[in-house]
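Here are some comments on the model, set out as numbered points for reading beside the coordinates. They deal with the core, the pockets and a few single residues.

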Amino acid sequence: MALPLQETCIREVKNIILYHTNPQKAPEYDLITGAVLRELPQKGFRALTQIYNAILRLEHFPSYWKIGQIIMIAKPGKDPTEVTSYRPISLIPLFSKILEKLLLQRLNPILTTHQLIPDLQFGFRSRHGTLEQAHRLVHEI
């Protein structure tokens, strides 16, 4: 089932960059940070919007944006010589994160309207946290 996804506009891309990217986060291997993207001129936002619309139209996620850089972060108070004293984090390109937010804004209404996610699915859904699941379970019992 392929559903046509609505094109994005400059305002939407700009809002995601300005309000949903952290300028303090570490850059990925492309060294582009949220602070850099926030300084884009209007032409830059327009170019990004055209790129995202082309991706939506062609249904092709750029392979370059799928590459993540895994770095190890030391856990506080742990022995640095032990492997278990580190936790891995994956840094993916900021352009990929923005596209994911654009896709999520388009897919959530479709999933809700067509009831494609069961009501008992609580993971990775807004307003469906662990506490709500515990309340539901207690109510059922």
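1. Helices and strands are named here from DSSP runs, numbered from the N terminus, with at least four residues (H or I) for a helix and at least two (E) for a strand. On that basis E59 falls in the loop between α3 and β1, the latter being residues 69-74. Please keep in mind throughout that this is a predicted model.

2. The backbone at E59 deserves a look, since this residue, which is not a glycine, has a positive phi of about 55 degrees. Most residues other than glycine have a negative phi. The side of the question that concerns solvent is clear enough, for E59 has a relative accessible area of 65% and is therefore exposed, the cut-off being over 50%.

3. A second residue with a positive phi is Q115, where the angle is near 50 degrees and the residue is again other than glycine. Q115 is placed in the loop between α4 and α5, the latter helix covering 130-140. Its relative accessibility of 68% is over 50%, so Q115 too counts as exposed.

4. Turning to the interior, the largest nonpolar core has 14 residues, and those with the most contacts inside it are I17, L37, L48, Y52 and I98. Two or more residues come from each of α1 (10-20), α3 (42-58) and α4 (94-113), and α4 gives the most, with five residues.

5. Which residues does Y52 touch, leaving aside its neighbours within four places in sequence? Its contacts are T8, V13, W65, F95, I98, L99 and L102. I98, one of these partners, is itself listed with Y52 among the residues having the most contacts inside the core.

6. T8, a partner of Y52, is found in the segment before α1. Is T8 buried or exposed? It counts as buried, because its relative accessibility of 7% is under the 20% cut-off. Its side chain is joined to that of E12 by a polar contact of 2.7 Å. With residues up to four places away in sequence not counted, T8 touches V13, T49, Y52, N53, L56, L102 and R106.

7. I10 lies in helix α1 and, at 24% relative accessibility, counts as partly exposed, because that value falls between the 20% and 50% cut-offs. Beyond residues up to four places away in sequence, I10 touches Q42, F45, R46 and T49; T49 is also touched by T8. Between I10 and P118 there are 34 Å in space, C-alpha to C-alpha, for a separation of 108 residues in sequence.

8. The largest pocket has a volume of about 340 Å³. It is lined by 13 residues, of which N108, T112, I117, R125 and H128 are the closest to its centre. Sorted by class, this lining has five nonpolar, five polar and three charged residues.

9. For the second largest pocket the volume is about 190 Å³, and among its 18 lining residues the closest to the centre are N22, K25, A26, L94 and K97. The lining divides into eight nonpolar, five polar and five charged residues. Helix α4 gives the most to this lining, with four residues, and α4 is also the element that gives the most to the largest nonpolar core.

Note on methods: Residues are numbered from 1 along each chain as its sequence is written. This is a predicted model: local features need pLDDT of at least 70, side-chain atom pairs count only at pLDDT 80 or more; totals for chains, interfaces and linings use all residues. Side-chain values use heavy atoms; hydrogens and water are left out. A nonpolar core is a set of buried Ala, Val, Leu, Ile, Met, Phe, Trp, Tyr and Cys residues joined through side-chain atoms within 4.5 Å. Buried means under 20% relative accessible area, exposed over 50%, partly exposed in between (1.4 Å probe, protein chains only). Contact means heavy atoms within 4.5 Å. On a 1 Å grid over the protein atoms alone, a cavity is a set of points where a 1.4 Å probe fits but cannot get out, and a pocket is an open set with protein on both sides within 12 Å along at least five of seven lines; lining residues have an atom within 4 Å of a point. Grid points are joined across faces, edges and corners, and a volume is the space filled by probe spheres set on the points. Ala, Val, Leu, Ile, Met, Phe, Trp, Tyr, Cys and Pro count as nonpolar, Asp, Glu, Lys and Arg as charged, and the others, Gly among them, as polar. A polar contact is a pair of N or O atoms within 3.5 Å; within protein, one must be able to donate a hydrogen and the other to accept it, and residues adjacent in sequence count only if both atoms are side-chain atoms.
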